[in-house]
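Colleague: Got a minute to walk me through this model? I'd like to know what I can lean on before I set anything up.

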Amino acid sequence: MRVLSLFTGIGGLDLGLEWAGFQTVAFVERESACQHWLSTHWPGVPIHDDVRTFSGLPLRGLVDLVCGGFPCQPFSVAGKQKGTEDERHLWPEMSRIIREVRPRWVLAENVPGLRTIAADLVLEDLEGQGYTCWPLVVGADDVGAPHRRKRVWIVGRLGLADADSSRERDADELRRIEWASGAGTADVGR
């Protein structure tokens, strides 16, 4: 599967996806230090520097998954939790790019504070674009790490609700993704 990675950071999510057989075809990351590490690990993969000016239209039909951990500061208990009123609230940009690319799959990550501040907004936005969504809470300790670091993961599948003939195959694919990530043992729910 081909991936467009947004808010990439140093590529931790992308490295995990690569280990699972995915191929990242483009990054969107604004921090120059992160861009350096991305270009070192993934030479030749284009890096765009601003999600607000990036257009996904040229990638429509070429990308299977759009993934990203959009900025968490608007939702984090370590901040003021201004949510959609925070200037760093960039979910609308991720949503716009998803709408432009129309990938089969979406994977979004954020802090647990998203659940009480804006998860409904994100889920309604994706569902309005035709995605069936599975929100999960998975922490580092759920997959064997010695520390707790819970994260909200939202997996979206385009058209699943309307594609009865492929529903079973796609549910099996999601179970394989959950198993590979260790998410099958985590709390599931909206």
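Below we go through confidence, layout, one helix and some strand pairing.

Modeller: Ground rules first: this is a predicted model, where local features need pLDDT of at least 70, side-chain atom pairs count only at pLDDT 80 or more, and totals for chains, interfaces and linings use all residues. Residues are numbered from 1 along each chain as its sequence is written, and side-chain values use heavy atoms, with hydrogens and water left out.

Colleague: Over which residues is the pLDDT below 50?

Modeller: pLDDT is the predictor's confidence in each residue, from 0 to 100. The protein averages 84, and 76% of the residues score at least 70. One stretch falls below 50 and still has 20 contacts (heavy atoms within 4.5 Å) beyond near neighbours in sequence. That stretch is residues 179–190.

Colleague: How many helices and strands are there in the protein?

Modeller: Helices (H or I, at least four residues) and strands (E, at least two) are DSSP runs, numbered from the N terminus. Along the sequence the pattern reads β-α-β-α-β-β-α-β-α-α-β-β-α-β. That makes six helices and eight strands.

Colleague: Why is helix 3 largely enclosed by the rest of the structure?

Modeller: Buried means under 20% relative accessible area, exposed over 50%, partly exposed in between (1.4 Å probe, protein chains only). The cover over the buried residues of helix 3 includes strand 1 (2–6), strand 4 (65–68), strand 5 (105–110), helix 5 (119–128) and strand 6 (131–139). Among the buried ones are Trp91, Met94 and Ile98. Helix 3 (residues 91–101) is largely enclosed because the buried residues number eight of the 11.

Colleague: Leaving aside neighbours within four places in sequence, what is Ser95 in contact with?

Modeller: Ser95 sits in helix 3. Its relative accessible area is 2%, so Ser95 counts as buried. Outside that sequence window, its contacts are Asp125 and Gln129.

Colleague: Which residue follows helix 3, with a positive phi?

Modeller: Look just past the end of helix 3. The phi there is near 55°, and the residue is Arg102.

Colleague: Over how many bridges do strand 6 and strand 7 pair?

Modeller: Two strands pair if DSSP finds at least two bridges between them. Strand 7 (residues 150–158) pairs with strand 5 in the antiparallel sense over six bridges, with Asn110 partnered by Val152. Strand 6 is also antiparallel to strand 7, and Leu136 stands opposite Trp153 there. For strand 6 and strand 7, the number of bridges is nine.
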